[in-house]
Every structure is written in C-alpha cells, then in structure tokens.
Amino acid sequence: LDCLPAGPCSGAHREWSPLCSSTASKYSHQSPVDDEVFQLGVIKYFLESLILLALNSIFYTSYSKQKKTIDLALLGDVFLCRVSMDHTLVELNKVFSLVGVSMFILGMLALACWKQQTGLRFLVQAVAFLWIHSLYSLVRFYGTSHIPRISTFPKMFSEMFKKAKSKVVAAKKVSIILGSLAQMITIFWILEGKDGFYRYFKLPLSFFGSGMLVATLGIGHFYLMEIDYKGRLAVR
C-alpha cells in the first residue's frame, strides 16, 4: 500500500500508513489486513481480546440495572449457563459488539498516532468480533423486533411519524442500515484495499476517514438499537 497522508495526530513531518514507504510497492495491491498481521503473535491477540472481554463482562454484563451496581451473580448466570444457553449467547453477543467497536476505534487511533502494527492488530480483532456479532444477530434475531424482515423496511419512513412503538421499530431499522453500511466498508477494505471504498462509491475518504466513518456508523447502530419509545438510552 502506498503511504497515506499525515494523520490527524501526527507531527509536522510524520506520516502514518498501514505499511511504511519502503515496502509500499510490495503490498500495493493488498488490503491493510495482510498476512504480516497474523505473524505478530497469537498470544498478543488472545491477551488483548481477553482483557477487553473481561472488562466488558465485569462492567457491562455484571452491572445490575435494578441495583445500580455490579452483581457478579449476573456474570455467573452467563458463563455458567444458569438461565439458558440462549441467554448466555445473547449476552456474549452484546459483549462482542462492544469489544468490537472499542477495538476498532483504538485500532484507527493507533494507526494515526502510535504504531501501525498495533493498529492493524486491533483492527483485525475488531473486524472479527463485529462479523461474529453480525452473523449471530442475523441468525438469532431476524424476523423479530430487533431485526425486522427486509420486506418491512419500506414502511420505515411512515413508521417514523406514527405512535411511539412504531418509532422504535423504525429506529431499529435505521440501526440495521447503519450497521450494514459499516460492515460493507470493512468488507471493501479486505477485498479491495484502502481505496476500494472510493472506487465503488466515489467519495474522497482517506483510510483514516473511512475508518472513523465505520466507527461513527457503529456507534449510531448501537444507539438506535438501544433507545426506548421515549428516546431514552437506558443501557448499562
């Protein structure tokens, strides 16, 4: 890959890119997620993933909305399957989504401000978490209020102006669209490299710009998926 313009956190003469200029020509037709990323060490992958999984499990999964504090019994319900396997998978799916978005933003910032290998490593993990989240959600929730059937999406605009319950359904549909757009960008990265998004959509976005667009779409997806009929974000 050719070197990218200076990042927003770089110094006056410092550039950031997925790969340095000395190896740019060698990888000119590869995506940012190349084979070198997978040679950085399996241990680092597992450690970084496990740390973020543990933090989200403790401060999200085990946080009780009723008690307004951490209740480790909730964590036991998930990891010991004390409620049901479905409950465990649904809760883990939520954690995977949060870890994915967090790691994605950290990865983009690392590319711009710190080390390209660290940034790529985080991006690879983030994309993996988010794809798992998307695939599981599609299988588990398609046809429900969380992911309405595609045939109902044309009603989305009229639902926005109806009663409160219909507005929630419309918000979830918009949420699905935002999340799908974010995933499309990451797929173009993998298949077409950092310029794939521009070639298909003709938008003058840098790799960093398209990455932060993915993060913004992901946050919008989370927000609209979680708000209630009064527009309140009642999350842990």
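Contact here means that heavy atoms lie within 4.5 Å. With that in mind I began with the whole protein, remembering that this is a predicted model.

**Entry 1: the whole chain**

I looked up how far apart in sequence the touching residues are, and found that among contacts between residues at least 6 apart in sequence, 57% join residues at least 24 apart. I then listed the secondary structure: the protein has eight helices and two strands, and reading along the sequence I wrote down the pattern α-β-β-α-α-α-α-α-α-α. For the surface I noted an accessible area of about 13400 Å², with 67% of it belonging to carbon and sulfur atoms. Of the 236 residues, 42% count as buried.

**Entry 2: helix 3**

Is S97 buried or exposed? I located S97 in helix 3, which covers residues 85-113, and its relative accessibility is 13%, so S97 counts as buried because the limit for buried is under 20%. When I left aside the neighbours within four places in sequence, I found S97 in contact with L130 and H133.

In helix 3 I also looked at K94 and E91, whose side chains meet in a salt bridge with an N to O distance of 3.3 Å. Both residues lie in helix 3, three residues apart, which is about one turn of the helix. I compared their burial as well: K94 counts as partly exposed at 30% relative accessibility, whereas E91 counts as buried at 9%.

**Entry 3: other salt bridges**

How many salt bridges does the count come to? I recorded six salt bridges, and besides the pair in helix 3 I followed up two of them.

One of them joins the side chains of D71 and K67, at 3.1 Å from N to O. I noted that D71 counts as buried, at 18% relative accessibility, while K67 counts as exposed, at 54%.

Another is formed by K173 with E159, where the closest N and O atoms are 3.1 Å apart. K173 lies in helix 6 and E159 in helix 5, so this pair ties together parts that are 14 residues apart in sequence. I checked the burial of this pair too, and both K173 and E159 are buried.

**Entry 4: a positive patch**

Which residues form the positive surface patch? I wrote down K155, K162, K163 and K165. I chose K162 for a further look and found it in the loop between helix 5 (156-159) and helix 6 (164-192). The relative accessible area of K162 is 49%, so K162 is partly exposed, because exposed would require over 50%.

**Entry 5: helix 8**

My last residue was M225, which is found in helix 8, residues 207-226. M225 is buried, with a relative accessible area of 14%. What does M225 touch, not counting residues up to four places away in sequence? On that basis I listed H146, K172, S175 and I176 as the residues that M225 touches. I also looked up the spacing between M225 and V169: these two are 56 residues apart along the chain, and their C-alpha atoms are separated by 9.2 Å.

Methods
Residues are numbered from 1 along each chain as its sequence is written. This is a predicted model: local features need pLDDT of at least 70, side-chain atom pairs count only at pLDDT 80 or more; totals for chains, interfaces and linings use all residues. Side-chain values use heavy atoms; hydrogens and water are left out. Patches are made of residues with over 30% relative accessible area and no salt bridge: like charges are joined within 9 Å, nonpolar side chains (Val, Leu, Ile, Met, Phe, Trp, Tyr) within 5 Å. Accessible areas come from the Shrake-Rupley method with a 1.4 Å probe; for residues, only the protein chains shown count as cover. A salt bridge is a side-chain nitrogen of Lys or Arg within 4 Å of a carboxyl oxygen of Asp or Glu. Lys and Arg count as positive and Asp and Glu as negative; His and the chain ends are not counted. The place of a charge is taken as NZ of Lys, CZ of Arg, CG of Asp or CD of Glu. Helices (H or I, at least four residues) and strands (E, at least two) are DSSP runs, numbered from the N terminus. Buried means under 20% relative accessible area, exposed over 50%, partly exposed in between (1.4 Å probe, protein chains only).
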